[in-house]
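Subject: Handover of the two-chain model

Dear colleague,

I am passing this structure on to you for your own work, and below it you will find an account of what came out of going through it. Please read the notes with the structure open beside them.

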Amino acid sequence: MSSKAAPPHLRVFAVWEPILPTDLTSPSTPVLARLSDRRVVQFWDPAHVLSPVLARHLPLGEPGCCLAGNYMWDEVAIFPPGAELGRDPPQWISGPVADSMAGLRAQFGQRKSAH
Amino acid sequence: MARVRHPWLAILIAAGIAIVAYGAWSNWGPRKTPPGQPPLTQLTAANLVSFEAQFNAEANHTRLLLLLSPT
């Protein structure tokens with residue numbers, strides 16, 4: 001999703017995890033540069049500490065994809081204003097990320113219409 | 001001046017060293033986030049609470065949470 005399409009009052013928390021056999025170390029500078037927007041903050045989660053926090057508040061069977069063992073990955077979740085991680089489920093979650101761009105754009109299109 | 005017998009061998013060795021050096025830098029070199037972003041932070045059980053607090057401190061904004069793998 002380009003910077004032009006995303007709303008300005010958006011924050012992106014990108015959490016990298018070692019999932020594939022080739023994920024030997026934390027993401028390199030070129031990998032981190034894939035998310036170059038200033039609204040992004042990036043994390044490396046080698047112990048998968050975040051996955052259970054997110055999973056705890058998801059409806060059963062959601063998002064229906066993208067589990068590596070017990071760890072969630074390759075997903076994008078939207079938390080609307082007021083929602084808290086660790087207390088509330090995301091408003092929308094989908095994966096794989098590459099296949100979720102149309103749905104993500106639709107979500108922001110809908111949110112824009114609602115305001 | 002002595003002649004290099006197999007110049008192609010020297011080129012091959014130099015290329016191999018360059019590839020290994022790039023791989024080492026890629027794997028173990030410094031990780032720099034793009035301009036305007038804070039440094040990459042490693043999540044642990046100890047600082048997970050801080051991550052949640054940071055995420056929830058932005059609760060006046062819509063937030064995207066991305067779970068990704070580097071390769």
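A residue is called buried here when its relative accessible area is under 20%, exposed when that area is over 50%, and partly exposed in between. By that cut-off, buried residues make up 31% of the 71 residues in chain B, while 50% of the 115 residues of chain A count as buried. Please keep in mind throughout that this is a predicted model.

To begin with the chains themselves, the secondary structure of chain A comes to three helices and six strands, and read from the N terminus these elements follow the order β-α-β-α-β-β-β-β-α. Among the contacts in chain A between residues at least 6 apart in sequence, 55% join residues at least 24 apart. Chain A exposes about 5800 Å², of which carbon and sulfur atoms supply 56%.

Chain B has two helices and two strands, arranged from the N terminus as α-β-α-β. Its radius of gyration is 23 Å, whereas a compact globule of 71 residues would have one near 11 Å, and its C-alpha atoms fill a box of roughly 70 × 25 × 20 Å along the principal axes. The area that chain B exposes is about 4800 Å², with carbon and sulfur atoms supplying 69% of it.

The two chains meet in a sheet. Six strands form this open sheet, with mixed pairing, in the order β6(A)-β5(A)-β2(B)-β1(A)-β2(A)-β1(B); its edge strands, each pairing on one side only, are β6 (92–94) of chain A and β1 (41–42) of chain B. Within the sheet, β1(A) pairs in the parallel sense with β2(B) over seven bridges, and A:Phe13 stands opposite B:Leu65 in β2(B). β1(A) also pairs in the parallel sense with β2(A), over five bridges, and there A:Val15 stands opposite A:Phe43. Six of the seven residues of β1(A) are buried, so this strand is largely enclosed by the rest of the structure. Further along, β2(A) and β1(B) run parallel and are joined by two bridges, with A:Phe43 opposite B:Thr41 in β1(B).

Which residues touch the most other members of the largest nonpolar core? Of the 21 residues in that core, they are A:Val15, A:Leu50, A:Leu54, A:Phe79, A:Leu85, B:Phe51 and B:Leu65. At least two core residues are supplied by each of β1 (10–16), β2 (40–44), α2 (51–55) and β5 (75–79) of chain A, and likewise by each of α2 (48–57) and β2 (62–68) of chain B; the largest share, three residues, comes from α2(B). In soluble globular proteins, nonpolar side chains tend to be buried together. A:Leu85 shows how both chains enter the picture, since, not counting residues up to four places away in sequence, A:Leu85 touches A:Leu50, A:Val53, A:Leu54 and A:Phe79 as well as B:Phe51, B:Glu52, B:Phe55, B:Asn56 and B:Leu65. Apart from the largest core lies another, of 19 residues, among them A:Leu10, A:Ala14, A:Trp92 and A:Met101.

Two further residues of chain A may be worth a look. A:Ser94 is found in strand β6 of chain A and counts as buried, because its relative accessibility is 16%. The side chain of A:Ser94 makes a polar contact of 2.8 Å with the side chain of A:Ser100, and, leaving aside neighbours within four places in sequence, A:Ser94 is in contact with A:Pro63, A:Asp74, A:Glu75, A:Val76 and A:Ser100.

A:Gly82, by contrast, has its place in the loop between β5 and β6 of chain A, and at 41% relative accessibility A:Gly82 counts as partly exposed. With neighbours within four places in sequence left aside, A:Gly82 is in contact with A:Arg87 and A:Asp88, and also with B:Ala59 and B:Arg63 of the other chain. A:Gly82 and A:Pro59 are 23 residues apart in sequence and 19 Å apart in space, C-alpha to C-alpha.

With best regards

Methods
Residues numbered from 1 in each chain as written. Chains lettered and ligands numbered in written order. Predicted model: local features only at pLDDT ≥ 70, side-chain atom pairs only at ≥ 80, totals over all residues. Heavy atoms only, no water. Core = buried A, V, L, I, M, F, W, Y, C linked by side-chain atoms within 4.5 Å. Buried < 20%, exposed > 50% of the residue type's maximum accessible area, 1.4 Å probe, protein only. Helix = DSSP H or I, 4+ residues; strand = E, 2+ residues; numbered from the N terminus. Contact = heavy atoms within 4.5 Å. Pairing = 2+ DSSP bridges. Polar contact = N/O pair within 3.5 Å; in protein donor to acceptor, adjacent residues only side chain to side chain. Areas by Shrake-Rupley, 256 points an atom, 1.4 Å probe, with all protein chains shown as cover. Rg over C-alpha atoms; globule rule 2.2 N^0.38 Å.
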